[in-house]
Amino acid sequence: MDRSNQTSPVVGFILLGLSAHPKLVNTFFVLILLMYLVILLGNGVLILVTISDSHLHTPMYFFLGNLSFLDICYTTSSVPLILDSFLTPRKAIPFSACAVQMFLSFAMGATECVLLGMMAFDRYVAICNPLRYPVVMSKAAYVPMAASSWAAGIIDSVVQTSQAMRLPFCGDNIINHFTCEILAVLKLACADISINVISMAVSNVIFLGTPVLFISFSYVFIIATILRIPSAEGRRKAFSTCSAHLTVVVVFYGTILFMYGKPKSKDPLGADKQDLSDKLISLFYGVVTPMLNPIIYSLRNKDVKAAMKNLIFHKHFAQ
């Protein structure tokens, strides 16, 4: 029967998750729960350190605190639902709850793309034009830069989510995913989604393509400037100030490219395996990057390590 002829509206969705692979549920429940706890602890400590240590009250660490808060929000918008889907096979979720979860996940993802671009600009000014850094990256500049990142991500999410949720859904209400992932939801619409596809393509160019180009050009100038520094110690010190951000960018965008750039299998027998693989890659993308960010910044940044030691030292002796 043609789905467009089915008039019974959908009032909720069913998340398949790993219901077709029950043997994997317990393992992934424990694994994702532990990773989520690490995300909360690692990013929470990083936020606390950047607020409490006056030496870290600089644009770079202000952006880092925003990134950590964003990672907590991003994972909290989806991980509890994922864990619940492990405990409840074929998890039912109301239409409104699905819309909220979709909005939050999309907003946090778009915001992170823009924020990473802002952080690249901060490193560009710090290394390529250090004398003007205090003027260019004053508080009057970097606070609106961070705020505009959040505003852009939220506006984009409002547009994409509202367009998706205005579509008629009738008949099939099973989402073959762990969460209300927008592409998985669009597949269930019983109407033409060409406008949604075009809108998402434009969004991807703005929020993925543009920041990648901006970050790439920024690091071309950064690397060129570092290579002109005469001493090896000077080059090492200059690169150390941006190596953590560059690592985070590579992990973030590298995972996205791997998710959406890998070839699709044409073998019908391998469709189920690829479907499981796609879902697991998407799952780990949502938790691995937020988990690695505080680890990368704490391991590769001596200022953060020193601030963490001071925080632990003062707490220990305060007792």
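These are my notebook entries on a predicted model of one protein chain.

**Confidence**

I looked up pLDDT before anything else. The protein chain averages 84, and 88% of the residues score at least 70. By element, helix H11 (residues 302-318) has the lowest mean, 65, while H6 has the highest, 95. I noted that residues 1-6 stay under 50 throughout. For that stretch the model has nine contacts beyond four places in sequence.

**Overall make-up**

I counted 11 helices and three strands in the protein chain. Read from the N terminus, the order of elements is β-α-α-α-β-α-α-α-β-α-α-α-α-α. The chain has 319 residues, of which 46% count as buried. I then took the contacts between residues at least 6 apart in sequence; 80% of these join residues at least 24 apart. The exposed area of the chain is about 16,400 Å², with carbon and sulfur atoms supplying 70% of it.

**Annotated segments**

I checked the UniProt record, an unreviewed entry. It places the feature "transmembrane region" at seven ranges, residues 28-49, 61-83, 95-121, 141-159, 205-227, 239-260 and 280-299. I compared two of the ranges with the model. Residues 28-49 are 100% helix and 0% strand, with end C-alpha atoms 31 Å apart. Residues 141-159 are likewise 100% helix and 0% strand, and here the end C-alpha atoms are 27 Å apart.

**Helix H6**

I tested the length of H6 (residues 139-165). At 1.5 Å a residue its 27 residues should span 39 Å, and the end C-alpha atoms are 39 Å apart, so the two values agree. Next I listed its buried residues, among them Tyr142, Met145, Trp150, Asp156, Gln160 and Met165. Small residues are on the list too, including Ala146, Ser149 and Gly153. I asked which helices the buried residues of H6 pack against. The partners are H2 (59-76), H4 (95-128), H7 (182-186) and H8 (194-227).

**Salt bridges**

I searched the whole structure and found two salt bridges. One joins aspartate 122 to arginine 123, with the closest N and O atoms 2.9 Å apart. Both aspartate 122 and arginine 123 are buried. The other joins the side chains of arginine 236 and glutamate 233, at 2.7 Å from N to O. Arginine 236 and glutamate 233 lie three residues apart in helix H9 (residues 232-261), so about one helical turn separates them. I entered glutamate 233 as partly exposed because its relative accessibility is 48%, and the exposed class begins over 50%.

Key. Residues numbered from 1 in each chain as written. Heavy atoms only, no water. Salt bridge = Lys/Arg side-chain N within 4 Å of Asp/Glu carboxyl O. Buried < 20%, exposed > 50% of the residue type's maximum accessible area, 1.4 Å probe, protein only. Helix = DSSP H or I, 4+ residues; strand = E, 2+ residues; numbered from the N terminus. UniProt positions renumbered as here; feature names shortened; annotations may be inferred. Expected span 1.5 Å × (residues − 1). Contact = heavy atoms within 4.5 Å. pLDDT = per-residue confidence, 0-100. Areas by Shrake-Rupley, 256 points an atom, 1.4 Å probe, with all protein chains shown as cover.
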